[in-house]
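Me: Please examine one residue of this model closely, together with the pocket and the helix around it. I should like a single connected account.

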Amino acid sequence: MLVVTRAFFRDATAEIEQAVQAEPDPRQRIRVYLTGVGTAMRRHSHAFYDDMVRYEPTAQIYRKNSAAAARRVHELIEEGVRSGVFRALNGHFAAQVVAVTIDAVQSGLLLERTGLTAGDAFSELGELLLDGLSSGQGALESPSTAVRSPRDQVSTPR
């Protein structure tokens, strides 16, 4: 099981990075990355996934790769911020949300609560993340210019 798990993550990482490097648009690079992770995670059965997360040596490999995925998405977000595709204000926050989400997928908590597979969760994360990070028309107002209501709820000034 260890050999298979290591090979799975090694091969998936190489394939995903090749696709990311071929994509010139920083915004789409995140989509390519997370969709690639989703596609890779869908390649194995539910039984394999369950065995991988329940057997501590393979669970450690998964945790290590999950942490690497969170770091990689953070790098891709920072590239997007530098190029002006993403709002700088939310780049670090988004990277932390991705890290927490990846941890929740890896632990099974998010999968249990949503009914998604790990592959589907990573693909959905890419869609959610990109729609929330887009700069340009329709971008949400910065939280620093929002007005707080008496109950400390953020509201947009009119």
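Reply: **Asn65 and its surroundings**

Asn65 counts as partly exposed because its relative accessibility is 22% (buried is under 20%, exposed over 50%, partly exposed in between; 1.4 Å probe, protein chains only). The model is predicted, with local features needing pLDDT of at least 70 and side-chain atom pairs pLDDT 80 or more, while totals for chains, interfaces and linings use all residues. Residues are numbered from 1 along each chain as its sequence is written, and side-chain values use heavy atoms, without hydrogens or water.

Asn65 belongs to helix α4 (a DSSP run of H or I, at least four residues, numbered from the N terminus). Beyond its neighbours within four places in sequence, Asn65 is in contact with Phe9 and Thr13 (heavy atoms within 4.5 Å). Arg6 is 59 residues from Asn65 along the chain, yet their C-alpha atoms are separated by 9.6 Å.

The second largest pocket has a volume of about 260 Å³ (an open set of 1 Å grid points over the protein atoms alone, with protein on both sides within 12 Å along at least five of seven lines; lining residues have an atom within 4 Å of a point; the volume is that filled by probe spheres on the points, joined across faces, edges and corners). Asn65 is among the closest to its centre of the 17 lining residues, with Thr13, Tyr33, Val37 and Ala69. Two or more lining residues come from each of α1 (2-22), α2 (26-42) and α4 (56-83).

Helix α2 is largely enclosed by the rest of the structure, because 12 of its 17 residues are buried. Tyr33 and Val37 are among these buried residues.

How values were computed: On a 1 Å grid over the protein atoms alone, a cavity is a set of points where a 1.4 Å probe fits but cannot get out, and a pocket is an open set with protein on both sides within 12 Å along at least five of seven lines; lining residues have an atom within 4 Å of a point.
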